[in-house]
Amino acid sequence: MVSNSMVSSDNVTVKSQLGGMQVVEYKRDMSVNALMSKMEFFCSQMNVNRRQLVLNLNGNSYMIQAGAMQWIQGSVKMDTGIKPGKILGKMMGAAVTGETMAKPIYSGMGQMMLEPTYRHILLTDLDEWNGNVVLDDGLFLACDAGLEHKIVKRSNVATAVLGGEGIFNLSVNGRGILALESIVPKEEILEITLQNDMIKIDGNMAMAWSGSLDFTVEKSAKSLIGSAVSGEGFVNVYRGTGKIWMAPLLSSGSAGETNTSENASEGNTGSAAGKGGTLERLEKLSSFLDKFT
């Protein structure tokens with residue numbers, strides 16, 4: 001667990017803990033000069049604090065985002081996490097999701113500390129997602145090494161472009177703990193549970209959702225005229241049984257950062273048509289990627 005010398009400081013607190021993962025938070029940044037002290041003071045008052053993820057290894061293994069490791073203590077070894085024959089698929093998957101190509105795996109006996117971040121570190125158990133969760137781009141930080149990673153694509157490229165959610169996403173499957181790096185705190189996340197139901201979301205505020213849910217992009221009203229009159233245009237629709245993490249207080253959406261002015265322009269049906277050539281190429285790319293993932 002976190003070393004006694006760290007938690008004994010009145011400036012450090014264990015924010016959350018799940019399995020062998022712990023999130024530590026620094027109440028204020030003390031390594032500042034006189035010029036930066038005023039800004040750092042107000043940062044501490046507004047919950048803009050540095051946070052780090054601690055991974056405790058007791059014969060188990062963790063997979064982390066490449067370049068995230070800060071220090072390691074104990075008998076810990078590292079593996080690249082890339083299997084022979086999967087390099088091309090990893091490269092293409094990284095290109096379309098924004099994730100790193102290699103996610104190194106650390107195993108053994110000891111402790112790891114990941115690099116500090118001002119983002120919020122969220123811990124979740126995949127049992128809460130029935131073993132399958134789909135993530136918005138850039139959220140993955142670390143997980144139990146036994147979890148499987150897959151690149152999933154939308155069934156229809158045109159609807160993905162209209163919805164602002166991207167064509168490809170990272171899907172994490174199995175049983176274990178997952179750590180996410182979020183631009184919003186857990187307190188602002190709205191958790192929505194669906195039981196053979198549906199929800200319509202205007203904009204890409206969904207951060208993570210159960211892999212069992214069916215995602216489509218549809219008109220906000222029955223007709224294009226109705227959608228135009230409502231001012232909503234197209235909306236993201238999730239159907240089925242599962243749950244969604246949504247960041248409704250973030251004006252720019254979730255990790256995809258689609259702003260509200262872009263959401264308002266989703267009703268322009270000509271925009272998708274004008275991208276016909278691009279959409280066709282993306283469909284070919286997604287079909288090719290399927291061979292390697």
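**Questions on a predicted model**

Trainee: Is Met 205 buried or exposed?
Mentor: In this predicted model, Met 205 has a relative accessibility of 17%. The cut-off for burial is under 20% relative accessible area. Because 17% falls under that cut-off, Met 205 counts as buried.

Trainee: Where is the place of Met 205?
Mentor: Two strands frame this residue: strand 12 covers 190-201 and strand 13 covers 206-210. Met 205 belongs to neither, and its place is in the loop between strand 12 and strand 13.

Trainee: How many Å apart in space are Met 205 and Ile 244?
Mentor: In sequence, Met 205 and Ile 244 are separated by 39 residues. In space, taken from C-alpha to C-alpha, the separation of Met 205 and Ile 244 is 9.9 Å.

Trainee: What percentage of the contacts in the protein chain with a separation of 6 or more is accounted for by residues 24 or more positions apart?
Mentor: The chain has eight helices and 15 strands, and 44% of its 293 residues count as buried. Among contacts with a separation of 6 or more, the share from residues 24 or more positions apart is 78%.

Trainee: Which residues form a nonpolar patch on the surface?
Mentor: One member lies in the loop between strand 2 (21-26) and helix 2 (37-45), namely Val 32. With a relative accessible area of 33%, Val 32 is partly exposed, and a patch residue needs over 30%. Together the members have about 390 Å² of accessible area, and they are Val 32, Leu 35, Met 36 and Met 39.

Trainee: How many disulfides does a search of the whole structure find?
Mentor: A disulfide is a covalent bond between the sulfur atoms of two cysteines. Cys 43 counts as buried at 18% relative accessibility, and Cys 143 is buried at 0%. For the whole structure, the number of disulfides found is zero.

Trainee: What is the mean pLDDT of the protein chain?
Mentor: Residues with a pLDDT of 70 or more make up 67% of the chain. The mean pLDDT over the protein chain is 78.

Trainee: Over residues 223-231, how many contacts does the model have beyond near neighbours in sequence?
Mentor: The pLDDT of residues 223-231 is below 50. Where pLDDT is low, the predicted coordinates should not be read in detail. With that reservation, the contacts of residues 223-231 beyond near neighbours in sequence number ten.

Trainee: How many contacts beyond four places in sequence does the model have for residues 256-276?
Mentor: Here too a reservation applies, as pLDDT stays under 50 over residues 256-276. The model's count of contacts for residues 256-276 beyond four places in sequence is 33.

Technical notes. Residues numbered from 1 in each chain as written. Predicted model: local features only at pLDDT ≥ 70, side-chain atom pairs only at ≥ 80, totals over all residues. Heavy atoms only, no water. Helix = DSSP H or I, 4+ residues; strand = E, 2+ residues; numbered from the N terminus. Buried < 20%, exposed > 50% of the residue type's maximum accessible area, 1.4 Å probe, protein only. Contact = heavy atoms within 4.5 Å. Disulfide = S-S within 2.5 Å. pLDDT = per-residue confidence, 0-100. Patch = residues over 30% accessible without salt bridge, like charges linked within 9 Å, V, L, I, M, F, W, Y side chains within 5 Å. Areas by Shrake-Rupley, 256 points an atom, 1.4 Å probe, with all protein chains shown as cover. Salt bridge = Lys/Arg side-chain N within 4 Å of Asp/Glu carboxyl O.
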